[in-house]
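Dear colleague,

I am handing over the structure we spoke about, together with a written account of what was found in it. Please read the notes with the sequence and the coordinates open beside you.

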Amino acid sequence: MNIIKYPNKAEWQSLLERPHRDASELRETVKTVLDKIQQEGDAAVKEFELKFDKVALSDLAVTDAEMAEAEALVPQELMDALVLAHSNIEKFHASQKFEGEKIETAPGVVCWQKSVAIEKVGLYIPGGTAPLFSTVLMLATPAKIAGCKEIVLCTPPNREGKVNPAILMAAKVAGVSKIFKAGGVQAIGAMAYGTESVPKVSKIFGPGNQFVMAAKQQVSLHEVAIDMPAGPSEVAVVADDSANPAFVAADLLSQAEHGIDSQVIMITTSEAMAEKVNAEVDRQLALLPRKEIAEKSLQYSKLIIVKDVEESIEITNEYAPEHLILAVDDYMSFADRVVNAGSVFLGNYSCESAGDYASGTNHTLPTSGYAKAYSGVNLDSFCRKITFQELSAEGIRSIGRAVELMAAAEQLDAHKNAMTVRLESLD
């Protein structure tokens, strides 16, 4: 990994830049695929599945027979792990349920909110170099708790036209029944526009590569809402001399193996720790089955040595990582000052993998610095808040004159009149 010693603040922006493709090239490629899917439906999805996933599909929907086949292929031990993870995710997200309260804002004026589930949601589950069956649990579980009536899942098949069996079993555990074989941009387009097979949804969830992220952003302009612009995975580890170099290296590599455009960063005040972690990364990297992917990712990754704790906090908040691991002695004090991060892991034993799978928190998180403005997926992501207000005659008297004055000042006479006629009716 690249070791950068004591960079000045003027260098931070370029130092923390994420790897990216030419945006104009991305937009054009994505637009071409989306336009064709909007016009041609299933036929276009199948065409792009052949082109990008190298599979000829007769049908997009996963059948009951394929579900049964998958169940026979997944070891019982893995099924038990899925059930455990689902239970913890369910507990954590159920605790987020919103309880509205009626508030009298002025005499005779009562306001409140009601939380209502989004009726139709679409879940995108990556299934290429790493079939992310854990993401099924992370998205479908809160969708079910929220009460979404229709949950549509799209995931790419392999070259035999089969979906990874663990993805299908995670869907079964989480209660998803509408599953379709479609990956990448074509999956996003199918859920955004609807096809003969794939229902149109109101909001699309799920991580993906830069093409998926660009597709989500494009369809969100006109067709559907999206969870967030979630792109290639990333982690920042802040480590001091109390950290375990083997743990830190393992955490860095756990994200580096996601994809060649993933990014991992370590921030430390200790040159000795940086050297130990760098050596440990090399040692562990050689043992990884996904060594080639991790190696390419590490080209964009850095070990940054800063002068003090204050600077490590500042540079961490500037980076706004998707995952932040605080492998420092006084991690709670540091955590209190974290304001930009997707999910934070505290202390030497809190590995990012725990949050990815089974601790209960959600692993669908903002990347590319979007943690400065977006939250990770939570129960509210699958809900809308509808506001209500009820005014009595007393309420009209309480706020009526203020409404008239404000509407008149904005030169919206019809707005003013809507209140005036009510006030006059009370005389």
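Which residues in α11 are buried? In this model, which is predicted rather than determined by experiment, they are Met-273, Ala-274, Val-277, Asn-278, Glu-280, Val-281, Gln-284 and Leu-285. As background, an α-helix has 3.6 residues a turn, so residues three or four places apart point the same way. Helix α11 covers residues 271-285, which makes 15 residues, and it reaches 21 Å from its first C-alpha to its last, close to the 21 Å expected at 1.5 Å a residue. The cover over its buried residues includes the strands β1 (2-5), β9 (234-239), β10 (263-268) and β11 (302-305), and also the helices α10 (245-256) and α12 (291-298).

Those four strands belong to an open sheet of 6 strands, whose order is β1-β11-β10-β9-β12-β13 and whose pairing is parallel. β1 and β13 are its edge strands, each pairing on one side only, and from one strand to the next the twist averages 15°. Within this sheet β9 and β10 run parallel and are joined by 6 bridges, with Ala-236 standing opposite Ile-265 in β10. Helix α13 lies across β9, β10, β11 and β12 (323-327), and it runs at about 165° to β10.

After the edge strand β13 (343-346) comes a loop that leads to α15 (352-357), and Gly-347 has its place in that loop. Is Gly-347 buried or exposed? Gly-347 counts as buried because its relative accessibility is 6%, where the cut-off for buried is under 20%. Leaving aside its neighbours within four places in sequence, Gly-347 is in contact with Leu-326 and Tyr-331. Ala-320, by comparison, is 27 residues from Gly-347 in sequence and 19 Å from it in space, taken from C-alpha to C-alpha.

There is also an open sheet of 3 strands, which has the order β2-β3-β14 and antiparallel pairing. Its edge strands are β2 (103-106) and β14 (383-391), each of which pairs on one side only, and neighbouring strands are turned by 30° against each other on average, direction ignored. β2 and β3 form a hairpin with 2 residues between them, and in the turn Gly-108 has a positive phi of about 85°. The antiparallel strands β2 and β3 (residues 109-117) are joined by 3 bridges; among the bridge partners, Ile-103 goes with Cys-111 and Glu-104 with Val-110. On the other side, β3 is joined to β14 by 9 bridges, again with the two strands running antiparallel, and Val-109 stands opposite Leu-391 in β14. Helix α16 (residues 393-409) lies across β2, β3 and β14, and runs at about 95° to β14.

Finally, a note on the second largest pocket, which holds about 510 Å³ of space. It is lined by 25 residues, of which Pro-19, His-20, Gln-210, Met-213 and Ser-368 are the closest to its centre. The elements that give two or more residues to this lining are α2 (23-40), α9 (210-219) and α13 (309-319), and the largest share, 5 residues, comes from α9. Helix α13 therefore appears in two places in these notes, as it lies across strands of the 6-stranded sheet and also contributes to the pocket lining.

With best wishes

Definitions and conventions
Residues numbered from 1 in each chain as written. Predicted model: local features only at pLDDT ≥ 70, side-chain atom pairs only at ≥ 80, totals over all residues. Heavy atoms only, no water. Buried < 20%, exposed > 50% of the residue type's maximum accessible area, 1.4 Å probe, protein only. Contact = heavy atoms within 4.5 Å. Pairing = 2+ DSSP bridges. Axes fitted to C-alpha atoms, helices over the stretch in contact; angles between N-to-C directions. Expected span 1.5 Å × (residues − 1). 1 Å grid on protein atoms, 1.4 Å probe; cavity = no way out; pocket = protein on both sides within 12 Å on 5 of 7 lines; lining within 4 Å. Points joined across faces, edges and corners; volume = space filled by probe spheres on them.
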